[in-house]
Every structure is written in structure tokens, then in C-alpha cells.
Amino acid sequence: MIKNELIDTRINYTYVFEFEEEFEYKVKMNWMQSHWKLCFFYVGIYMLLIFLGKHWMIPRARFELRTTLAVWNLSLAVFSMIGTCRTLPEMIHVWNKYGFQYTVCSTSYNHANPVTGFWVWLFTLSKVPELGDTVFIILRKQRLIFLHWYHHVTVLLYTWYSYQQQIAAARWFILMNYTVHAAMYSYYAFRAMRFGIPRPVAMAITTAQLLQMVVGLYVNWWAYGALTRGDKCGTNFENIKISLLMYASYFVLFANFFYNSYMKSQKERAESRKIE
């Protein structure tokens, strides 16, 4: 049971920036509760641009865009690193002081702490520009797999939907996503700059993504248990069901990607692409 919602908002930070201190959670929450369905508009435009972009590129030579791609990925990597550094201390503090269930069931990360509140807001907004990843795939005429666009679409929809509901378990989802993206976008940035990245590094990143899905499922299971016991928990059964389905589908898709990318032989991979 959560006994205390009030925590020292600065205890984990040696320095709080002015823009973090001035973050107005209630203003952002009110805006999101009124406008969160805009995410469906963004998704519609995204899917339309994928369709039009692929057809537009058919008669054209692929664009190289290596420098632009490197800058893009490096920017997202740095953003994710900073997001990790600004949200991780809060997680460690509340877990040590209040226990695991507090991290799953308390929304204090959002409304009681301006630092994490600010970076949670930026995280929520960032799911829109992250759709730009697909632009490079289309313009460079690379293979656009189902996992890529499905993941982008569902993360955007779920993030905006959950923010306006003030879902407590998002503390875990956001921190994990920031952390994995810091590694993933760094990897893509170095690849765009033609650095030779050892194969085990790519395997480790995909493994981290799979682990993220396992933890996401476990956190949802814990939140479900808390609600069924009658404990106070900042979530609801509908959101848990949606999140469980989302994380389960991600796990299956990333496991399939891992198998196809690292377990199959080159010949098998070539043959499966011909079938597609």
C-alpha cells in the first residue's frame, strides 16, 4: 500500500535547471487531456506519408543521407541519455525509500517532481518527431519491416493515451525506453558514420529491447495484482490490458527479429526476403 505521495523533489539532484524548476505540470496535463487524440491525426499522416513516399521513390535512386542520418541519430541518442540521467535518480530514490510497489503505483514522478515531470513531458512529445526515423528508411530505399512502423505507431498512441490518464507504471516504461534508445540511437549514429560495430553490440541492444518487454509485462502484472488486492495504484484495468497486449506483441516481434537477424544463416535470410 502506498502511504506517502509527498517526496522531496530535489533530493536526488545536485542541480535543477530553471526550465525544469518552472515546469507547469497541471498546464501540460490539461492540454494533453484536451488534445491527446491528436496522436491519431499524426499516425494517419505518418501512414499516408509511408504509402506516398514508397511510391514516390520507386523510379528514383536512393538518397545517401549519411551525414544527416548521423546527426539525426546522434541528436536522439543525446536526448535519450539526458532523459535517462534525469529520470533514473528519482526511480532509485523512491524504490529505496518507499519500495517497488511505490515505483509501480505512485504518480509522484509526474506531479511531485518538476525534473522528472519535465522529462516525462518531453518524452511524450518526442514520440512524434521520432516518426522521422522512417523517412530515412524510405528515402534510402531500405526494407521497411512491420516491426518498425508498428512500434512507432503504437508507442505514440499509448504514450499520449497514458499521459492524460496519469498512469503510474509509466515511470518504468519511460525510463526503460530512454535507456534503451540511448544505446540504440548511438549504435545507429556510429553505423551512419561508417564505424565498424561488432555484431555482439547489435545483439546486446536487441537483447536489451527484449528485456525491456519482459520488465514491462512484469510491471503490468504487478499493477494488476495491486488493483485486484484493493491497493491504491495509479492505473486502471483497461490501460493494463492495452499495455500487456502491446508489450506481448513487442516481445514476439523483437524475438522474431532477433532470430532472423542473428540466428539464421545469410542464405536463409536472403531466401526469406525473396518470399516477402
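Which residues in H7 meet Ile174, Asn177 and Tyr178 in H10? To find them in this predicted model, select helix H7, residues 114-126, together with helix H10, residues 170-192, and show the side chains. On the H7 side of this contact you will find Trp119, Val120, Leu122 and Phe123, and by class the contact has six nonpolar residues, one polar residue and no charged residues. Now look at the two axes, which come within 11 Å and cross at roughly 70 degrees; H7 and H10 are therefore roughly perpendicular to each other, and their crossing is left-handed.

Keep H7 selected and add helix H4, residues 66-98. Here the axes are 9 Å apart and the helices pack at an angle of about 140 degrees, so H4 and H7 are oblique to each other, again with a left-handed crossing. From H4, the residues Phe79, Ile82, Gly83, Arg86, Thr87 and Glu90 meet Val115, Thr116, Trp119, Leu122, Phe123 and Ser126 in H7, and the residues of this contact divide into six nonpolar, four polar and two charged. Trp119, Leu122 and Phe123 of H7, named here as meeting H4, were also named in the contact with H10.

Next, select helix H2, residues 25-35, where Tyr25, Met29 and Met32 are buried. If you look down the axis of H2, these buried residues fall within an arc of 65 degrees, so they line one face of the helix. Turn to the other side of H2, and you will come to Lys26 and Ser34, which are exposed. To finish, display what the buried residues of H2 pack against, namely helix H6 (108-111), H7 and helix H9 (146-163).

Definitions and conventions
Residues are numbered from 1 along each chain as its sequence is written. This is a predicted model: local features need pLDDT of at least 70, side-chain atom pairs count only at pLDDT 80 or more; totals for chains, interfaces and linings use all residues. Side-chain values use heavy atoms; hydrogens and water are left out. Axes are lines fitted to C-alpha atoms, for helices over the stretch in contact, and angles run from 0 to 180 degrees between N-to-C directions. Helices (H or I, at least four residues) and strands (E, at least two) are DSSP runs, numbered from the N terminus. Angles under 35 degrees count as roughly parallel, over 145 as roughly antiparallel, 65 to 115 as roughly perpendicular and the rest as oblique. A crossing is left-handed if the near helix is turned anticlockwise from the far one by less than a right angle, and right-handed if clockwise. Contact means heavy atoms within 4.5 Å. Ala, Val, Leu, Ile, Met, Phe, Trp, Tyr, Cys and Pro count as nonpolar, Asp, Glu, Lys and Arg as charged, and the others, Gly among them, as polar. Buried means under 20% relative accessible area, exposed over 50%, partly exposed in between (1.4 Å probe, protein chains only). The arc is that of the directions from the helix axis to the C-beta atoms.
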